Amino acid sequence: MISGKAKVCGIMACPVEHSLSPMMHNFYAGQMGIDFAYVPFKVEEDQVETAVKGAYALNLEGLNVTVPHKQRVIPYLKELDRTADAIGAVNTLVRVDGGYKGYNTDGPGLFRAMNEAGMKISGQDCLLLGAGGAAKAAAYVLGSQEAGSVIVLNRNEKRAWELAREMNERFKREFMSAMALADYEKLPSGPRLAVQTTSVGMYPHKDQVLIEDREFYRNIHSAVDVIYTPFKTRFMTLVEEAGGRAINGLDMLIYQGIEAFELWNQGQKVPKHVIHEARQMMIKELMR
Ligand code: ATR
């Protein structure tokens, strides 16, 4: 039941129709008996400022912000959380006095997903595939969890070096370096944890993968692909066929949502069995 006192949140995106967030958040609220509603808002790119002001005027408790608004929303915020500042993107707005504070729960979501899967980051040699927005969130997680070393592998090498330098500066240690994707055969050998952050292999291009060469996968002991459609990407299949473990991006999506839900509902923790049921529900939805 949603009463007149309900906290209202929503997602601001364009397009917004395919978002699984309304389903997730309303499920948590329902299961936990919280007076809360979460709705989709389609917001065009030139309406971001008006939408943020309108949300505040309408007394919304918070918003999720997604592609293509994650950077665009920043100038209209009252405050910016440290992680969001470091990642340079905001996906969660939380109401504060006079406006919204911007957070990034994609990084923490990725960390929780890896942690739940038993993928240890601290001291590990890592490989980061891609150097865009999703890569930056992942790079921040690897840096803050004290990865031993990270090599950013990207089609555009300059962009990869920019990301590596920025993170070395932020964490004040030279743990990150870069290489052109085309030079992957020159990678130093040794076991690695890999995070695939590009959109290559995403539905409907499910047979595509950044690197097809099976040799490349022999050094990857565990991997995360941020993609969750298809449920198993070509990248994951290649990792598994070479003997490694791979998870998709569904848990990252789930945990970024949980982190946001817990920011809006301070003091509440979504119970494990509710998370498990939400995952089953989302898998069903994705398989439709
Ligand atoms: P996002 O914010 O989702 O990460 P992005 O900032 O556009 O999106 O970044 C996309 C990433 O996927 C980049 O690393 C991009 O490589 P470039 O920097 O070289 O463009 C990578 N990418 C996208 N399509 C690719 C392709 N066909 N082959 C190789 N890399 C690709």
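**View 1. Domain layout of the predicted chain.** Domain bounds come from an automatic or database domain assignment, which for this chain gives domain 1 (7-104 + 251-286) and domain 2 (108-248). The model is predicted, with local features needing pLDDT of at least 70 and side-chain atom pairs counting only at pLDDT 80 or more, while totals for chains, interfaces and linings use all residues. Residues are numbered from 1 along each chain as its sequence is written, and side-chain values use heavy atoms, with hydrogens and water left out.

**View 2. Where domain 1 meets domain 2.** The centres of domain 1 and domain 2, taken over C-alpha atoms, are separated by 26 Å. Contact, meaning heavy atoms within 4.5 Å, joins 18 residues of domain 1 to 17 residues of domain 2.

**View 3. The shell around the ligand.** The residues around the ligand, counted as near if one of their heavy atoms lies within 4 Å of it, include Gly130, Asn154, Arg159, Thr198 and Leu210. By class, the shell divides into four nonpolar, six polar and two charged residues, where Ala, Val, Leu, Ile, Met, Phe, Trp, Tyr, Cys and Pro count as nonpolar, Asp, Glu, Lys and Arg as charged, and the others, Gly among them, as polar.

**View 4. Polar contacts of the ligand.** In these pairs of N or O atoms within 3.5 Å, a backbone N or O atom of Gly133 lies 3.1 Å from a ligand oxygen atom, and one of Ala134 lies 3.0 Å from a ligand oxygen atom. In the side chain of Arg155, an N or O atom is 2.8 Å from an oxygen atom of the ligand.

Notes
Polar contact = N/O pair within 3.5 Å; in protein donor to acceptor, adjacent residues only side chain to side chain.
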